Amino acid sequence: MIGRRGALGLLGGLAATALMPSGLAARASAMPPRLRPGDTVGLVAPASAVTLPAELDRAVHWISGMGLVPKLASHVGDQHGYLAGTDADRAADLDTMFADAEVRAIFAVRGGWGGARILPLLDWATIRANPKLLIGYSDTTALHMAIAARAGFATLHGPNAASRWDRASWESLWRIAFAGTAPVLGGAAAEDAAGRPARSLVPGVARGRLLGGNLTILSTMMGTGWLPDFDGAILFLEDINEEPYRIDRMLQQLQLAGVLDRLAGVVFGQCTRCSAGDADARTFTLDDVLGAHLAPLGIPVVTGFNSGHVRNQLCLPVNVPVELDAGARTLRMLEPAVA
């Protein structure tokens, strides 16, 4: 876990009318700014409601411990059914944070469900004009993918503000967002530290822009027009509470949509509590499903990478060129995510 002292010590309109080319080459010329101690960052709840007071307190604690100054969005504590306020209010919070010159980056407090609902309501001209790192995971995948498609700058798939920011998570955030370096992520040493070995399903080396996130959210966005072009991409995926047959169904959806056949490589992260719900010997395991869908692609594939609904997950740079070495089970950034 990190504290303020430890963090500082390590530092030494409708989107249809705002459509940009969605190919991997359509990355914005402007990059998000790097973070510095004392910077103000926005805390938003773009999806599910923050129902426990301790959750928001925890988010403020972690962000302050990084040496940053948290700025709460106007509706971050609202509740509208299971959502963190109305769609219009959640979209307005995100627009406001992108437009606020004082705010250097934006953290999602939590995931859940609801990010996709606000995509048509966001002011994409303002977002494109003000590149900032959006940091979060799970449901935040919808925003990561839409920003990659419609704004073209990098974001970070990593813990939400109220998640645990353990050592691996914090150090990867610091290297990418504060130091502005292009680190190597993963590998044997990182696996040993996290206590979760990865597996080289298909060895080899591939390069491409890193795109992806939560498999459930990604699969629900197929055919919507809010996804970037996956041609030549390195796709990373993770999920939680999905039995193997559901993972099978969603990967089949990506296959039928033509996504899997266009990739340069695949990184499947942690699938937490994704084992079969019964002891039926006829049930496929998660490894069976991944092998059936990913091995025949003939491209480098790693499974069990340190990303997802787990402690010590790595921050992964979305829409940034990377090199996947499946044999070494590493992702090497080929350029920084921030200026």
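**Sheet, disulfide and aromatic pairs in a predicted model**

Q: What is the strand order of the open sheet, and how are the strands paired?
A: The order is β2-β1-β3-β4-β5-β12, an open sheet of 6 strands with mixed pairing. Strands here are DSSP runs of E of at least two residues, and helices are runs of H or I of at least four residues, numbered from the N terminus. Two strands pair if DSSP finds at least two bridges between them.

Q: Which strands stand at the edges?
A: β2 (69-72) and β12 (316-318) do; each has a single partner strand, so one side of each is left without a neighbour in the sheet. From one strand to the next, the twist averages 30 degrees.

Q: Before going on, what kind of model is this?
A: It is a predicted model, in which local features need pLDDT of at least 70 and side-chain atom pairs count only at pLDDT 80 or more, while totals for chains, interfaces and linings use all residues. Residues are numbered from 1 along each chain as its sequence is written, and side-chain values use heavy atoms, with hydrogens and water left out.

Q: Back to the edge: in which sense do β5 and β12 pair?
A: Strand β5 (residues 155-157) and β12 pair in the antiparallel sense, over 3 bridges. Within β12, Leu-316 is the bridge partner of His-157.

Q: Which strands does helix α3 touch?
A: Helix α3 (residues 87-99) packs on the sheet and touches β1 (40-44), β2, β3 (103-108) and β4 (133-136). Contact means heavy atoms within 4.5 Å. The direction of α3 makes about 170 degrees with that of β1. Axes are lines fitted to C-alpha atoms, for helices over the stretch in contact, and angles run from 0 to 180 degrees between N-to-C directions.

Q: And which ones does α5 touch?
A: Helix α5 (residues 141-150) also packs on the sheet, touching β4, β5 and β12, and its direction makes about 150 degrees with that of β5.

Q: New topic: how many disulfides does a search of the whole structure find?
A: The search finds 1 disulfide, that is, a pair of cysteine sulfur atoms within 2.5 Å. Cys-271 is joined to Cys-274, with an S to S distance of 2.2 Å.

Q: What is the handedness of that link?
A: The link of Cys-271 and Cys-274 is left-handed, with -70 degrees about the S-S bond.

Q: Is Cys-271 buried or exposed?
A: Cys-271 is buried at 14% relative accessibility, and Cys-274 is buried at 4%. Buried means under 20% relative accessible area, exposed over 50%, and partly exposed in between (1.4 Å probe, protein chains only).

Q: How many aromatic pairs are there?
A: The count comes to 4 aromatic pairs. Rings of Phe, Tyr and Trp (its six-membered ring) pair if their centres lie within 6.5 Å; planes under 30 degrees apart count as stacked, over 60 as edge-to-face and the rest as tilted.

Q: Why is the pair of Phe-98 and Phe-153 tilted?
A: Their planes stand at 55 degrees, with the ring centres 6.3 Å apart, so the pair is tilted. Phe-98 lies in helix α3 and Phe-153 in the loop between α5 and β5, 55 residues apart. Phe-98 is buried at 0% relative accessible area, and Phe-153 is buried at 1%.

Q: What about Trp-170 and Phe-178?
A: Their ring centres are 5.5 Å apart and the planes are at 70 degrees, so that pair is edge-to-face. Trp-170 and Phe-178 are both buried.
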